[in-house]
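Grab a pencil and work through these exercises with the viewer open. Each one sets a task and then walks you through a solution.

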Amino acid sequence: MKKSLLIITAICLIGVSNTVYSQELKFLGVPFGTASKEFNHRLMDKGFTWVTGIDNTTNREYRGELKGDFWKVRNCEIYLKSFCNDYTKTFPITEAWVIIPTDGMQTDEFAKLYQELISDFEGKYGDFSEIKYPSDEIQTIWHLNNGDIFVETIMTFSIRIRYISSIRLRQIAEKNRFK
């Protein structure tokens, strides 16, 4: 009797855990909360590659960011973040940042790209929730049930997109609770 009760409890816990992560915000089809190693492999399966470099202090090679095509733009940089920013272990990824290359664009090309990006995101995520103007940026923000998305343009003609999972938002709220 105890053994069957334990088995039923374990099955229920696994089901609840899978439901929580299946409702989490996704980045390129990969739900946040996925272990970093698996998250990286799934993006590499989609054609992204690791860009490596040499750490000047240790002379060791490191993995910097993923590079690949995002939205309608080639050679975007993708930065993934976990609770402890260790991408080689099994920690869950909780944020993804996309840097869209805009080098050499004229002002009108840049404005058109940004407007098209906002329009496409509105088509996918609905009307944005708010716009903020901190210092030299414009932030268009979607507050979704399962996380937030920021599309940011910095006046130096760069575009950054930040996907922040509800996991990370809860972590930030908990951290700020004690301030």
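**Exercise 1: aromatic pairs**

How many aromatic pairs does the count come to? Pick out the pair formed by F27 and Y163, and work out its geometry and what it joins.

Solution. Keep in mind that you're looking at a predicted model.

Step 1. The count comes to 7 aromatic pairs.

Step 2. For F27 and Y163, the ring centres sit 5.1 Å apart and the planes make an angle of 70 degrees, so this pair is edge-to-face. The cut-off you need is that planes over 60 degrees apart count as edge-to-face.

Step 3. Now place the two rings. F27 belongs to strand β1 (residues 26-27) and Y163 to strand β10, so the pair ties together parts 136 residues apart in sequence.

Step 4. Check the exposure. F27 has 0% relative accessibility and counts as buried; Y163, with a relative accessible area of 4%, is buried as well. The cut-off for buried is under 20%.

**Exercise 2: a second pair and its cluster**

Take F128 and W142, and find their geometry, their places in the chain and the cluster they belong to.

Solution.

Step 1. F128 and W142 are 6.2 Å apart centre to centre, with 85 degrees between the planes, and the pair is edge-to-face.

Step 2. F128 is in the loop between α3 and β7 (130-132), while W142 is in strand β8 (residues 137-144), so here the parts tied together are 14 residues apart in sequence.

Step 3. Is each partner buried or partly exposed? F128 is partly exposed, at a relative accessible area of 29%. W142, at 1% relative accessibility, counts as buried.

Step 4. Zoom out a little: ring pairs link F121, Y125, F128 and W142 into a cluster.

**Exercise 3: the nonpolar core**

Which residues touch the most other members of the largest nonpolar core, and which elements build it?

Solution.

Step 1. This core has 31 residues, and F27, I100, F121, V151, I161 and Y163 touch the most other members.

Step 2. Elements giving two or more residues to the core are α2 (36-45), β4 (61-70), β5 (73-82), β6 (93-100), α3 (107-125), β9 (147-154) and β10 (158-165). The largest share comes from α3, with 7 residues.

Step 3. Look around Y163. Leaving out neighbours within four places in sequence, its contacts include L25, F27, F32, F70, F121 and Y125. Polar or charged names turn up too, among them K26, T94, E95 and D148.

Step 4. For background, nonpolar side chains in soluble globular proteins tend to be buried together.

**Exercise 4: the surroundings of T34**

Is T34 buried or exposed, and what does its side chain meet?

Solution.

Step 1. T34 sits in the loop between β2 (30-31) and α2.

Step 2. With a relative accessible area of 10%, T34 is buried.

Step 3. A polar atom of the T34 side chain lies 2.6 Å from the backbone oxygen of P31.

Step 4. Beyond neighbours within four places in sequence, T34 is in contact with F39, R42, F91, P92 and I93.

Step 5. Try one distance yourself: from C-alpha to C-alpha, T34 and E24 are 9.8 Å apart, with their positions 10 residues apart in sequence.

**Exercise 5: positive phi and charges over a ring**

Find where W71 and N75 lie, given that each has a positive phi. Then say which charged residues lie over the face of W97.

Solution.

Step 1. W71 has phi near 60 degrees, a positive value in a residue other than glycine. W71 is in the loop between β4 and β5, and at 25% relative accessibility it counts as partly exposed.

Step 2. N75 also has phi near 60 degrees, but N75 lies in strand β5. Its relative accessible area is 48%, so N75 is partly exposed.

Step 3. Over the face of W97 you'll find K81, 4.8 Å from the ring centre, and R162, at 5.5 Å.

**Exercise 6: the whole chain**

How many helices and strands are there, and in what order do they run?

Solution.

Step 1. The protein has 4 helices and 10 strands.

Step 2. Starting at the N terminus, the order is α-β-β-α-β-β-β-β-α-β-β-β-β-α.

Step 3. Of its 179 residues, 34% count as buried.

Definitions and conventions:
Residues numbered from 1 in each chain as written. Predicted model: local features only at pLDDT ≥ 70, side-chain atom pairs only at ≥ 80, totals over all residues. Heavy atoms only, no water. Core = buried A, V, L, I, M, F, W, Y, C linked by side-chain atoms within 4.5 Å. Buried < 20%, exposed > 50% of the residue type's maximum accessible area, 1.4 Å probe, protein only. Contact = heavy atoms within 4.5 Å. Polar contact = N/O pair within 3.5 Å; in protein donor to acceptor, adjacent residues only side chain to side chain. Phe/Tyr/Trp six-rings, centres within 6.5 Å; stacked < 30°, edge-to-face > 60°. Lys NZ or Arg CZ within 6 Å of the ring centre and 35° of its normal.
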